[in-house]
Amino acid sequence: MPAVPDPPVPAGFAAAYQAQRARFPGLSGWQPVHTVYVPADRFSSGTVGAWRDEALGLVHAHLAGPGELAEVFGVPPATAAAVHAKLLVKLGREPIEDLRIDFEDGYGTPPDAVEDGHVEQAAEAVAALHAAGALPRRWGPRVKSFADGDPERSIRTLAGLVRGVTKRAGELPAGFTVTFPKVLMEDYLRQFADVLARLEAGLGVRLRFEMQVEAPQTLPFLRAELPGALDGRLAAAHFGVFDYTAALGLPPHEQRLDHPACDHARHVMQTAFAGTGVELSDGSLAASPASGRAEDVHVLWRRHAELVRHSLRHGFHQGWDMHPSHLVSRFATVYAFHLADYDAYRERVRAWEERREAGGGVMDEPATIRTLAAALRRADAVLP
């Protein structure tokens with residue numbers, strides 16, 4: 001029987017492979033563990049320092065040592081000392097990783113002249129923080145939604161802040177991103193991307209934005225092709241728990257991050273953007289300590305820690321923080337999460353690389369090893 005030659009490589013393979021590489025580049029670089037939202041009328045050059053001081057004050061008053069941390073957050077005693085030490089270092093050096101100056105729900109709808117004034121004040125504060133070396137690694141505004149029917153106000157605030165900061169600082173400092181909320185129509189995303197393209201002319205930087213997933217109407221148009229359709233300007237997708245659960249008709253006491261309806265929305269976000277390089281962020285806890293008493297502070301910390309752990313277990317490594325007390329529970333929970341399995345993950349990766357048994361009856365697959373290695377890289381980037 002004559003030899004049958006191998007079939008040729010299918011026509012069009014090269015183009016399909018190139019498209020795959022472009023559509024699924026994967027995540028790269030550092031991602032913050034949180035985004036802090038501060039209403040624009042309350043934002044100043046002293047905001048970062050004030051949040052730092054309040055968070056550290058709460059630690060010193062109500063989390064004096066590893067023993068207290070282990071009891072409040074359920075951290076094993078063997079890990080508690082390391083978490084406590086890292087928490088103090090982090091709060092002292094970098095209490096806020098990503099800062100959003102909020103001109104939307106947390107701010108309201110004042111007259112145009114008032115909002116214009118707050119834009120100028122915010123630009124002055126950002127420039128001052130930048131000059132002092134205290135501007136968070138990520139920063140920017142959350143503007144009003146196009147769904148409100150007034151895109152002009154949203155654009156005016158964005159343009160005013162960008163130009164105001166650039167004028168005062170001599171540049172647009174690194175880390176700028178803008179949050180675009182309540183995306184009820186896919187067309188709004190394209191329109192906003194076009195606004196950024198026009199605004200960036202002359203700045204010498206590329207402007208990107210993060211969309212908020214705050215309504216069930218948004219889920220159907222989330223897909224892997226979306227970032228490419230937006231010229232690569234979509235940097236992240238952030239979940240908005242309260243608008244989303246309200247839109248579903250959930251009662252107030254069920255409007256929470258760990259509700260199954262929110263799990264569904266997050267899984268849709270993960271499915272749509274897996275491998276695309278679009279970062280994902282969970283939402284917030286709209287609560288602060290009921291008083292300055294230790295019991296009330298601990299109640300808040302425990303609840304916030306539950307939600308942060310829920311996010312981490314579901315693969316969401318970022319969330320929103322709305323009060324200085326949240327910084328304590330955010331960083332403590334994140335550090336405990338990464339430290340809990342760090343040594344075991346490292347041993348399993350080494351065993352795989354050395355072609356030996358990992359022990360404990362574990363039979364790792366290549367995909368699992370890639371996940372373990374990614375978890376180690378994330379931990380190294382997160383832990384101070």
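Which residue in S7 does His238 stand opposite? The partner is Ser281. The model discussed here is predicted, and this pair is a convenient place to enter it.

The strand to start from is S6, residues 234–239. Three bridges join S6 to strand S7, which covers residues 279–281, and the two strands run parallel. S6 also pairs with strand S5, residues 209–213. Here the count is five bridges, and the direction is again parallel. One of the positions in this pairing is Val213, whose bridge partner in S6 is Phe239. S6 thus has bridges to S5 and to S7. As for solvent, six of the six residues of S6 are buried, and the strand is mostly covered. In a regular strand, side chains alternate between the two faces of the sheet.

Just ahead of S6 in the sequence comes a loop that follows helix H8, residues 226–229, and this loop holds Asp231. The backbone of Asp231 has a phi near 60 degrees, a positive value in a residue that is not glycine. The relative accessible area of Asp231 is 47%, so the residue is partly exposed.

A second residue of this kind is Lys182, with phi near 45 degrees, again positive and again not glycine. Lys182 sits in the loop that connects strand S4 (178–180) to helix H7 (186–199). Its surroundings are described by a relative accessibility of 15%, and because buried means under 20%, Lys182 counts as buried.

The helices come next. Two packed helices are described by the angle between their axes and the distance between the axes. For helix H4, residues 77–93, and helix H12, residues 324–340, the angle is about 135 degrees and the axes are 9 Å apart. The two are therefore oblique to each other, and their crossing is right-handed. On the H4 side the contact consists of Thr79, Ala82, Val83, Lys86, Leu87, Lys90 and Leu91. These meet Leu327, Val328, Phe331, Ala332, Tyr335, Ala336 and Leu339 of H12. Sorted by class, the contact of H4 with H12 has 11 nonpolar residues, one polar and two charged.

Another helix pair is H5, residues 112–131, with H6, residues 151–169. Their axes come within 8 Å and cross at roughly 35 degrees. This crossing is right-handed too. The H5 residues in the contact include Asp112, Glu115, Asp116, Glu120 and Glu124, along with Val119, Ala123 and His130. From H6, the contributors include Arg153, Arg156 and Arg168, as well as Gly160, Leu161 and Gly164. The contact of H5 with H6 divides into eight nonpolar, four polar and eight charged residues.

A last stop is Ala64, in the loop between helix H2 (47–62) and helix H3 (66–73). With a relative accessibility of 55%, Ala64 counts as exposed, because the cut-off for that class is over 50%. Leaving aside residues up to four places away in sequence, Ala64 touches Val59 and His84. In sequence Ala64 and His84 are 20 residues apart, while their C-alpha atoms are 8.9 Å apart in space.

Key: Residues numbered from 1 in each chain as written. Predicted model: local features only at pLDDT ≥ 70, side-chain atom pairs only at ≥ 80, totals over all residues. Heavy atoms only, no water. Axes fitted to C-alpha atoms, helices over the stretch in contact; angles between N-to-C directions. Helix = DSSP H or I, 4+ residues; strand = E, 2+ residues; numbered from the N terminus. Parallel < 35°, antiparallel > 145°, perpendicular 65-115°, else oblique. Left-handed = near helix turned anticlockwise from the far one by under 90°. Contact = heavy atoms within 4.5 Å. Nonpolar A, V, L, I, M, F, W, Y, C, P; charged D, E, K, R; others polar. Buried < 20%, exposed > 50% of the residue type's maximum accessible area, 1.4 Å probe, protein only. Pairing = 2+ DSSP bridges.
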